[in-house]
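The following exercises concern a single protein model. Please study the sequence and the structure before attempting each task, and then compare your reasoning with the worked solution.

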Amino acid sequence: MNYAGLLRMSENHQVEQELRDTRHILNRLLAVSPAVIYSTTPYPPFQVRYISENVTIVTGYSPDQFIEDTNFWKSKVHPDDRPIVLEHLHKMQLLEYLEMEYRFLCADEEYHFLHEEIKVLRDADGHPVEGIGYFIDVTRQRNYEEAIRQSENLYRSLAEASRDLILLISSEKTVEYMNSYARQALGWSDLQTRLPSYGHILKLIPESSIQQVLQTQQAVYTENVAYISKKRIWLGTWLVPIFSPQNEVEFVMAVSRDITRQRETEEELQRALKAEQELNSLRYRFLTMTTHEFKTPISTILSSVELLETYGERW
């Protein structure tokens with residue numbers, strides 16, 4: 001073998017070693033990645049040609065189970081999701097990119113939510129030749145979203161059942177939410193999908209109080225007169241700032257309650273107190289006058305008694 005041949009063999013060996021090193025690094029990266037990488041045929045039965053080893057960490061199944069049995073992964077898709085998933089896969093012959101989410105039965109006998117994306121590779125004639133994709137387990141995210149949704153539904157139900165007026169006002173001065181009682185107070189039908197303007201709610205809440213919350217970033221309590229169904233009432237309102245992730249006031253939540261009876265009771269007490277004060281004043285003036293009127297006769301009588309005691313014997 002000549003020198004050129006030896007040099008070529010050496011170069012080939014070096015290239016093979018570099019490929020092995022690269023593959024080793026790639027496998028190590030994939031082993032700790034939450035995303036499972038795979039390749040598949042772009043036509044039925046959508047056979048898996050390659051899948052990264054971290055599929056065992058994500059699903060509990062070995063790569064061989066996906067590769068050797070063409071129906072394995074399909075059998076693990078939730079029956080309700082399977083038709084939609086297959087429908088998406090059949091679109092690989094038409095689309096360049098696919099995205100889907102479905103439930104997958106993992107080795108722990110629990111269904112996990114998988115988010116999957118596929119890029120379709122084509123030959124020079126535009127025919128699909130391979131699908132390169134990945135999937136990740138998004139179960140925790142979906143559980144968080146479901147918990148948030150349930151929490152929102154609970155608080156919305158409580159707000160709708162409340163006999164308080166509840167409104168959510170953005171810092172841009174738009175109404176983002178109001179409960180049924182607030183709609184009723186404003187004469188806003190439940191059939192109207194559009195929420196009232198900022199100007200409408202100023203019939204219930206003073207704008208100065210809203211501005212105070214936006215400027216001071218502190219909760220504010222205010223009491224004011226409003227007219228609901230042409231009836232004059234007193235409203236007591238708490239205005240509370242709601243902050244954005246940037247710690248800026250993003251919304252102002254207003255919770256208003258009819259305090260007319262309370263105000264009337266307070267006014268009655270004030271009138272009663274005033275009447276009591278006036279009565280006490282009248283009593284004081286009467287006693288003062290009476291004392292003055294009786295003071296002179298009494299003094300005369302006392303003086304006469306003293307004179308009699310002193311000079312009585314001489315008389």
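**Exercise 1. Pairing of two strands**

In which sense do β8 and strand β9 pair, and over how many bridges?

*Solution.* The model under study is a predicted one. Strand β9 comprises residues 231–243, and its pairing with β8 is antiparallel, extending over nine bridges. One of the residue pairs can be named: N224 has L235 in β9 as its bridge partner.

**Exercise 2. The sheet and its edges**

Determine the order of the strands in the open sheet, and explain why one side of β7 and of β8 has no neighbour in the sheet.

*Solution.* Step one is to recall a general point. Strands of a sheet pair through backbone hydrogen bonds, in either a parallel or an antiparallel manner. Step two is to read the order: the five strands run β7-β6-β10-β9-β8, with antiparallel pairing. Step three concerns the ends of this order. β7 (175–178) and β8 (220–228) are at the edges and have a single partner strand each, so one side of each remains without a neighbour in the sheet. Finally, from one strand to the next the twist averages 25°.

**Exercise 3. A helix across the strands**

Which strands does helix α9 lie across, and at what angle does it run to β9?

*Solution.* Helix α9 covers residues 207–216. The strands beneath this description are β6 (165–170), β8, β9 and β10 (249–258). Relative to β9, helix α9 runs at about 15°.

**Exercise 4. Two pockets**

Describe the linings of the largest and the second largest pocket by element and by residue class.

*Solution.* Begin with the largest pocket, which holds about 360 Å³ of space. Its lining includes E152, R156, I166 and M253. Two or more lining residues come from each of α6 (139–161) and β6, and α6 supplies the largest share, with five residues. By class, this lining has eight nonpolar and two charged residues, and no polar ones.

Proceed to the second largest pocket, with a volume of about 170 Å³. Among its lining residues are R163, Y181, Q184, K231 and L235. The elements giving two or more residues here are α7 (180–186) and β9. The classes are six nonpolar, two polar and three charged residues.

**Exercise 5. Salt bridges**

How many salt bridges does a search of the whole structure find, and which parts of the chain does the pair E101 and R142 link?

*Solution.* The search finds eight salt bridges. In the one between E101 and R142, the closest N and O atoms are 2.3 Å apart. E101 belongs to strand β3 (residues 97–105) and R142 to helix α6, so distant parts of the chain, 41 residues apart, are linked.

Methods: Residues numbered from 1 in each chain as written. Predicted model: local features only at pLDDT ≥ 70, side-chain atom pairs only at ≥ 80, totals over all residues. Heavy atoms only, no water. Pairing = 2+ DSSP bridges. Helix = DSSP H or I, 4+ residues; strand = E, 2+ residues; numbered from the N terminus. Axes fitted to C-alpha atoms, helices over the stretch in contact; angles between N-to-C directions. Contact = heavy atoms within 4.5 Å. 1 Å grid on protein atoms, 1.4 Å probe; cavity = no way out; pocket = protein on both sides within 12 Å on 5 of 7 lines; lining within 4 Å. Points joined across faces, edges and corners; volume = space filled by probe spheres on them. Nonpolar A, V, L, I, M, F, W, Y, C, P; charged D, E, K, R; others polar. Salt bridge = Lys/Arg side-chain N within 4 Å of Asp/Glu carboxyl O.
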